[in-house]
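The following exercises ask you to classify ring geometry, charge placement and burial from coordinates. Work through each task before reading its solution.

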Amino acid sequence: MTKVPRVEVITSVERRRRWSRSEKERLVAASFEDGVTAAEIARDAGIHVSQLFRWRKELCQAVTPAPEGTALVPIEVVPVAPAPDPVDISRPARTRVRRQVGTIEIELASGARLRVDRDVDADALRRVLDVLGGR
């Protein structure tokens, strides 16, 4: 005997289907089973997957209400420390700087020096050099 798929015929003017809480719970529970996707459950039930996720959210909130005594925690906004003064690269450095591993020093024809570490963004460095070289 072949199994005939279930067909639902809506004869009233109302086009929305009313789902009982137990039907919603059954579909939501099925969507949490291993190896099953929410999209499959929604498709089998004839609903959009977003509706199933809305039911999941509503039913999970009903089961696990917010803990008692939750409150906002006071915070304090503190001003950010001022940024260090920008380095003037127009004149050569006069003091000797300790060498750091991975540091590259670039001396331009103008005598200005530019130091970058090994993690510098190559595209950003290229743009800086183009600007400085075009002075």
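Buried here means a relative accessible area under 20%, whereas exposed means over 50%. The model is a predicted one.

**Exercise 1.** Determine whether Trp55 is buried or exposed, and do likewise for Trp19.

Solution. Trp55 has a relative accessible area of 4%, which lies under the 20% cut-off, so Trp55 is buried. Trp19, at 17% relative accessibility, also falls under 20% and therefore counts as buried.

**Exercise 2.** Find how many aromatic pairs the whole structure holds, and classify the geometry of the rings of Trp19 and Trp55.

Solution. A search of the whole structure gives 1 aromatic pair. The ring centres of Trp19 and Trp55 are 5.4 Å apart, which is within the 6.5 Å limit, and their planes stand at 65°, which is over 60, so the pair is edge-to-face. In sequence the two partners are 36 residues apart, with Trp19 in the segment before helix 1 (21-31) and Trp55 in helix 3 (residues 49-63), so that the pair links distant parts of the chain.

**Exercise 3.** Identify which residue lies over the face of Trp19, and which charged end sits over the ring of Phe32.

Solution. Arg17 lies over the face of Trp19, at 3.9 Å from the ring centre. For Phe32, the charged end is that of Arg56, placed 4.0 Å from the centre of the ring.

**Exercise 4.** Establish where the buried residues Leu27, Val28, Ala30 and Ser31 lie around helix 1.

Solution. These four residues of helix 1 are buried, and they cover an arc of only 160° around the axis, which puts them on the same side of the helix. Ser31, with 6% relative accessibility, touches Val36, Ala38, Ile41, Leu52 and Arg56, when residues up to four places away in sequence are not counted.

Definitions and conventions
Residues are numbered from 1 along each chain as its sequence is written. This is a predicted model: local features need pLDDT of at least 70, side-chain atom pairs count only at pLDDT 80 or more; totals for chains, interfaces and linings use all residues. Side-chain values use heavy atoms; hydrogens and water are left out. Rings of Phe, Tyr and Trp (its six-membered ring) pair if their centres lie within 6.5 Å; planes under 30 degrees apart count as stacked, over 60 as edge-to-face and the rest as tilted. Helices (H or I, at least four residues) and strands (E, at least two) are DSSP runs, numbered from the N terminus. Buried means under 20% relative accessible area, exposed over 50%, partly exposed in between (1.4 Å probe, protein chains only). A charge sits over a ring if NZ of Lys or CZ of Arg is within 6 Å of the ring centre and within 35 degrees of the ring normal. The arc is that of the directions from the helix axis to the C-beta atoms. Contact means heavy atoms within 4.5 Å.
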